[in-house]
Amino acid sequence: MALANWAGNHVYGAAELHRPATLEHLRAIVARAPRVHALGSRHSFSDVADSAQLVAVDGLPADVIVDPRAGTVTCGAGVRYGELAEPLAAQGLALHNLASLPHISIGGAIATATHGSGDANGNLATAIRAVELVTSDGDVLTVRRGEPDFDGVVVGLGALGVVTRVTLDVEPAYEVRQRVFEGLGWDALHEHFDAITAGGYSVSVFTRWGETVDQVWVKSRVTYAPELERAELFGAVAATLDRHPILGLDPVNCTPQLGVPGPWSDRLPHFRMGFTPSNGEEIQSEYHVARQCAEGAIRAVHALADTLRPVLQVSEIRTVAADELWMSPQYRRPSVALHFTWTREPEAVARVLVDLEAALAPFGARPHWGKAFRATAAEVAPLYERLPDFARLMQRLDARGAFRNDWLERHLVGGGP
Ligand SMILES: Cc1cc2nc3c(=O)[nH]c(=O)nc-3n(C[C@H](O)[C@H](O)[C@H](O)COP(=O)(O)OP(=O)(O)OC[C@H]3O[C@@H](n4cnc5c(N)ncnc54)[C@H](O)[C@@H]3O)c2cc1C
């Protein structure tokens with residue numbers, strides 16, 4: 001089974017990939033597999049989803065049920081975010097946020113705490129109101145917000161079970177405009193960081209750590225757009241043509257800019273649903289620091305610019321609100337996320353990550369679970385105060401260790417229960 005992840009930097013070692021069409025079949029597969037893991041849309045950059053056997057849930061019925069009265073949408077966990085846009089639009093509803101591309105499965109996104117940007121926006125897992133999962137003995141469990149295990153289950157890293165259905169919060173549909181500002185100075189970024197990230201509903205700073213910050217993408221709800229009339233942002237100038245986050249690349253796959261209003265689903269992601277996303281030939285890493293550490297962390301990365309640049313395509317700086325989900329990198333911490341799109345050179349990237357993680361360690365940086373990082377279980381443990389609770393949950397829901405994989409041993413529970 002020579003199946004690779006989206007970026008092609010990991011070939012799954014699993015001998016079998018199951019794609020059951022019914023819940024009963026999925027339960028039987030999981031119950032009899034000695035080692036198994038759920039596979040989403042394969043957008044992670046590591047072996048996080050790998051195991052002896054893999055099970056995909058996108059063969060189960062999507063069965064999208066919008067409930068405007070409850071303010072929810074319920075669907076199969078294999079559904080991709082972009083696929084919810086139409087059924088939600090039909091009822092005048094929307095999600096609170098999206099990642100940079102809409103092609104990612106909901107089950108995989110929440111398992112790794114995938115996020116978009118916005119000071120007041122929690123990661124995508126925070127929109128989850130209930131999950132249904134199949135545990136390793138084949139039982140079906142539904143866990144709802146407010147129940148004791150809920151905050152441990154949602155960002156589950158595939159370690160607790162195979163999530164089959166999800167219920168998400170929705171809200172009235174809204175329109176968004178995005179504008180790109182170019183040439184922000186580093187001093188202006190540091191001095192006005194709070195004002196810049198508060199200047200829109202979702203703000204992304206793109207940089208190659210050069211003389212200036214390259215671009216600031218400001219996405220504003222049409223009803224909330226204090227920056228709309230501005231032609232500049234602390235010295236950065238509004239672009240007059242659509243841009244790609246990587247300077248010089250054709251923006252044809254990017255969502256429309258120049259302040260043109262459009263539905264939330266076609267403005268919050270940087271890349272359009274119907275097109276090949278991003279650049280393809282890449283590896284990504286990302287680290288989350290508490291907001292008060294942002295300036296120090298950004299300066300520490302900037303000081304490494306000459307080391308990073310040979311393998312760096314672009315960096316993105318975003319903000320994410322704090323939450324209560326045990327394994328979320330934003331657990332009880334309003335956060336700034338420092339992202340790196342690397343060239344697809346695994347060995348060179350691995351070498352650079354040694355320096356980068358050393359530079360970010362003093363800031364308590366928590367790695368993005370779905371991206372490339374090196375931190376070992378011993379290094380990760382002090383960053384997650386609820387990790388012992390999560391390990392107990394793993395033990396309780398998966399007593400026979402069917403969902404334990406190499407990635408979990410390496411980064412989370414090595415030497416644990
Ligand atoms: C081009 C690109 C852009 C990206 N942009 C962003 C971004 O803007 N923000 C961000 O935060 N991340 C981003 N990511 C990272 C991505 O969102 C995460 O890696 C996410 O986990 C991928 O989801 P997936 O469905 O592909 O999961 P996979 O890679 O298939 O699996 C990831 C993890 O989820 C688990 N999982 C998957 N499905 C289930 C299920 N049904 N039940 C239980 N566990 C499950 C797997 O077991 C594994 O542990 C990006 C990735 C790419 C390739």
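Two strands count as paired here if DSSP finds at least two bridges between them. With that in hand, the predicted model can be walked through sheet by sheet, and then around its ligand.

Start with the parallel sheet. Three strands, in the order E1-E3-E2, make up an open sheet with parallel pairing. Its edges are strand E1 (16-18) and strand E2, each of which pairs on one side only. Going from one strand to the next, the twist averages 30°. E1 and strand E3 (residues 53-56) run parallel and are joined by 3 bridges. One residue pair puts a face on this: leucine 17 has leucine 54 in E3 as its bridge partner.

Next comes the antiparallel sheet. This open sheet has 5 strands, ordered E4-E5-E9-E7-E8, and the pairing is antiparallel. Strand E4 (65-67) and strand E8 (140-144) sit at the edges, each pairing on one side only. The twist here averages 15° from one strand to the next. Within this sheet, strand E7 (residues 128-134) and strand E9 (residues 162-169) pair in the antiparallel sense over 6 bridges. Across that pairing, valine 131 stands opposite valine 166 in E9. Helix H1 (residues 23-32) packs on the sheet, where the helix touches E7, E8 and E9. The direction of H1 makes about 60° with that of E7.

That leaves the ligand. The shell around the ligand counts 37 residues, and the closest are Ala38, His43, Ser105, Thr112 and His368. Which elements each supply at least two residues of this shell? They are strand E2 (36-39), helix H3 (106-111) and E9. E2 is thus named twice, as an edge strand of the parallel sheet and as a supplier of shell residues. E9 likewise belongs to the antiparallel sheet while lending residues to the ligand shell. The largest share, 4 residues, comes from H3. By residue type, the shell divides into 16 nonpolar, 18 polar and 3 charged residues.

Several backbone atoms come up against ligand oxygens. A polar backbone atom of histidine 43, one of the closest residues, is 2.6 Å from an oxygen atom of the ligand. For leucine 157, a backbone N or O atom lies 3.3 Å from a ligand oxygen atom. For valine 48, the distance from a backbone N or O atom to an oxygen atom of the ligand is 3.5 Å. As for burial, the ligand has 960 Å² of accessible area on its own, and the protein covers 99% of that area.

Key
Residues are numbered from 1 along each chain as its sequence is written. This is a predicted model: local features need pLDDT of at least 70, side-chain atom pairs count only at pLDDT 80 or more; totals for chains, interfaces and linings use all residues. Side-chain values use heavy atoms; hydrogens and water are left out. Axes are lines fitted to C-alpha atoms, for helices over the stretch in contact, and angles run from 0 to 180 degrees between N-to-C directions. Contact means heavy atoms within 4.5 Å. A residue is near a molecule or strand if one of its heavy atoms lies within 4 Å of it. A polar contact is a pair of N or O atoms within 3.5 Å; within protein, one must be able to donate a hydrogen and the other to accept it, and residues adjacent in sequence count only if both atoms are side-chain atoms. Accessible areas come from the Shrake-Rupley method with a 1.4 Å probe; for residues, only the protein chains shown count as cover. Ala, Val, Leu, Ile, Met, Phe, Trp, Tyr, Cys and Pro count as nonpolar, Asp, Glu, Lys and Arg as charged, and the others, Gly among them, as polar.
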